[in-house]
Amino acid sequence: MPTLLIVHHTPSPAMQALFEAVVSGAADPELEGVTVVRKAALSATAVDVLAADGVVLGTPANIGYMSGALKHFFDTVYYPTLDEKRGLPFGCYVHGNEGVEGAVASIDRVTTGLGWKRVFEPVTVLGTPGKPDLERCWELGATVAAGLG
């Protein structure tokens, strides 16, 4: 059974709402046969990535960059997964109160180095998430999960 790994750093109510929307989409009952694994960025490991068939990444934008927790995740999984997970499908969501472009660009640089394949445009949210933001996160989770089945 394919596995979707959701790696997230969720330090705020806004990030929690986005995370829950992604999980809801990924775990939609119509998507049979996909196991959804949720891991905080500081506890996700190379073993988790090696066992995954797809990944969704979630981070706040911190001073124009991904969170330190997501950076730590990438630092710990980069070389142990580099050869075996080329082509891994992924998507991401980023929340910030100001610009999020730097955070998205930093994720793009690392995932390009890993050889992962983006299968959904980054969901970027500024300020308090609204219904369209939550729907887009739901679509992110559902789309990445559906592509694994």
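Two rings of Phe, Tyr or Trp, with the six-membered ring used for Trp, are taken as a pair if their centres lie within 6.5 Å. With that idea in hand, the aromatic residues of this predicted model can be explored. One aromatic cluster is formed by Phe73, Phe74, Phe90 and Trp116, and the structure holds four aromatic pairs.

One of these pairs joins Tyr78 and Tyr79, whose ring centres are 5.0 Å apart. Their planes meet at 75 degrees, so the arrangement is edge-to-face, because planes over 60 degrees apart are counted that way. As for solvent, Tyr79 is exposed, with a relative accessibility of 67%, while Tyr78 is partly exposed at 21%.

Another pair, within the cluster, is made by Phe90 and Trp116. Here the centres are 6.1 Å apart and the planes are at 55 degrees, a tilted arrangement. Phe90 belongs to strand S4 (residues 89-96), whereas Trp116 sits in the loop between helix H4 (101-114) and strand S5 (117-118), so this pair ties together parts that are 26 residues apart in sequence. Both partners are buried: Phe90 has a relative accessible area of 2%, and Trp116 has one of 7%.

Away from the ring pairs, Thr59 is also worth a look. This residue is part of strand S3 (residues 54-60) and is buried, its relative accessible area being 0%. Leaving aside residues up to four places away in sequence, Thr59 touches His9, Met15, Met66, Ser67, Leu70, Tyr93, Val94, His95 and Ile107.

Note on methods. Residues numbered from 1 in each chain as written. Predicted model: local features only at pLDDT ≥ 70, side-chain atom pairs only at ≥ 80, totals over all residues. Heavy atoms only, no water. Helix = DSSP H or I, 4+ residues; strand = E, 2+ residues; numbered from the N terminus. Buried < 20%, exposed > 50% of the residue type's maximum accessible area, 1.4 Å probe, protein only. Contact = heavy atoms within 4.5 Å. Phe/Tyr/Trp six-rings, centres within 6.5 Å; stacked < 30°, edge-to-face > 60°.
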